[in-house]
Amino acid sequence: MAKKKILFIGYPKCSTCQKAEKFLRAHGCSAPMRDIKSDHPTAEELRTWHAQSGLPLKRFFNTSGMLYRELGLKDKLPAMTEEEQYAVLASDGMLVKRPLLIAGDHVLVGFREKEWADCMVK
């Protein structure tokens, strides 16, 4: 595996995050999981990762989460500015799609094994 700085962000109780962590360990990555709930991403981090990812900002939202539904974000997001969306995402880690893998200048949102494997060797 190429040596690059890896940041792995997840929620320890999330089964997908646990699968992602097992995948990373099996591929020789020892980066600890940063708990998205207790150490959630800042608006600045999210802004940087969004720019690096090339993804629409909506992909950073945990659209299947209870808090997303409770806040009615499905209906509110289209009318919000990017800055407002960053602020909402930064307000609670449970609003952010997980896991996140930041490897060098690559940012992956959610766990798809092939994408993660490709990122690990680039």
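This is a short tour of one helix, one hairpin and one unusual peptide bond. The model you have open is predicted.

**Stop 1: helix H1**

Start by selecting residues 15-26, which make up helix H1. If your viewer can give distances, try the C-alpha atoms at the two ends: they are 17 Å apart. At 1.5 Å a residue, the 12 residues of H1 should span 16 Å, so the two values agree.

Now colour Cys17, Ala20, Phe23 and Leu24, the buried residues of H1. Turn the view until you look down the axis of H1: these buried residues fall within an arc of 115 degrees, so they line one face of the helix. Why can residues that are not neighbours in sequence share a face? An α-helix has 3.6 residues a turn, so residues three or four places apart point the same way.

Next, select Lys19, Lys22 and Ala26, which are exposed on the other side of H1. Then step just past the end of H1 to Gly28, where phi is positive, at about 80 degrees.

**Stop 2: a cis bond**

Move on to the loop between helix H5 (82-91) and strand E3, and pick out Pro99 there. Which kind of peptide bond joins Arg98 and Pro99? The bond is cis, with omega at about -10 degrees.

**Stop 3: the hairpin**

Finally, select residues 100-103 (strand E3) and residues 106-109 (strand E4), an antiparallel pair with 4 bridges. Zoom in on Ala103 and find its bridge partner in E4, His106. With 2 residues between them, E3 and E4 form a hairpin. End your tour in the turn at Gly104, which has a positive phi of about 65 degrees.

Conventions:
Residues numbered from 1 in each chain as written. Predicted model: local features only at pLDDT ≥ 70, side-chain atom pairs only at ≥ 80, totals over all residues. Heavy atoms only, no water. Expected span 1.5 Å × (residues − 1). Buried < 20%, exposed > 50% of the residue type's maximum accessible area, 1.4 Å probe, protein only. Arc of directions from axis to C-beta. Pairing = 2+ DSSP bridges.
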